[in-house]
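Reader: Please take me through the charged side-chain contacts in this model. I would like one part looked at closely.

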Amino acid sequence: NPPQLAAVRYIDGPLLVLAGAGSGKTRVITNKIAWLINDCGIAPRNICAVTFTNKASREMKSRVTELLGKGETRGLIVSTFHNLGLRILRSECTALGYKKGFSVFDAADTQTILKGLYAQDSASNVDDAEQARWRISRWKNDFILPGAALATAENEIDGRYAQLYARYQRQLHAYNAMDFDDLILQPVLLFHNHPKKKKKWQHRVHYL
């Protein structure tokens, strides 16, 4: 329809599309990718589409391939937010002090580390590790680092969690590992602290 077509063909700056479930958002995005490649001459490797789930990512890739043909999408990035973060970090992790081939720890791995750290502290209750994991996850999703978490702690419990957060991060680094939340946090830190890396990825991704 006309509003969908307008969304597909507008490429001169940021664009917000408000649309409900089943109203054709994926169709707009996939057709926009085809428009950028076929009609605007943009190289697929300079286009990136992000979504929330692996299922949605696979569906989007499949639809773009149907529109363009398999050979026409080489270099195109269609991924979840976390997978895009992982792609960036695989390429740039040494700038953050990690070695190539770092591990990504899931919630169970994280819980094991936190329980181990609690076990080292006789004054702590190991059963509190789950609550600590959620608190640390919230801090990371708010882009709050351990030092800031400790500085802004409003009570003794938050202070204890913030100290644990710092120990946890040191332990992760010792394992050359990141957790799932780091896949969002660390690329943000990378681009904030390393302008040349940010410029490199801005040059790579022209349309997001």
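Author: What follows is a close look at the salt bridges around one lysine, with a short look at a second group.

This is a predicted model, in which local features need pLDDT of at least 70, side-chain atom pairs count only at pLDDT 80 or more, and totals for chains, interfaces and linings use all residues. Residues are numbered from 1 along each chain as its sequence is written, and side-chain values use heavy atoms, with hydrogens and water left out.

Start with Lys140. Asp179 forms a salt bridge with Lys140, and their closest N and O atoms are 2.8 Å apart. A salt bridge here is a side-chain nitrogen of Lys or Arg within 4 Å of a carboxyl oxygen of Asp or Glu. Asp179 lies in strand β4 (residues 177-179) and Lys140 in helix α6 (residues 129-141), so the pair ties together parts that are 39 residues apart in sequence. Helices (H or I, at least four residues) and strands (E, at least two) are DSSP runs, numbered from the N terminus.

Lys140 also meets Asp182 in a salt bridge, at 3.0 Å from N to O. This pair links distant parts of the chain: Lys140 is in helix α6, Asp182 is in helix α9 (residues 182-193), and they are 42 residues apart.

How buried are these residues? Lys140 has 1% relative accessibility and counts as buried. Asp179 is buried at 5%. Asp182 is buried at 0%. The cut-offs are under 20% relative accessible area for buried, over 50% for exposed, and partly exposed in between (1.4 Å probe, protein chains only).

Gln169 joins the picture. Its side chain makes a polar contact with the side chain of Lys140, at 2.6 Å. Such a contact is a pair of N or O atoms within 3.5 Å; within protein, one must be able to donate a hydrogen and the other to accept it, and residues adjacent in sequence count only if both atoms are side-chain atoms. Gln169 sits in helix α8 (residues 156-174). Gln169 is buried too, with a relative accessible area of 14%.

Now the second group. The structure holds seven salt bridges. One of them joins the side chains of Glu92 and Lys200, at 2.6 Å from N to O. Glu92 lies in helix α4 (residues 81-92) and Lys200 in helix α10 (residues 195-204), so this pair ties together parts that are 108 residues apart in sequence. Glu92 is buried at 1% relative accessibility, whereas Lys200 is partly exposed at 41%. Glu92, Lys197 and Lys200 are linked in a network of salt bridges.
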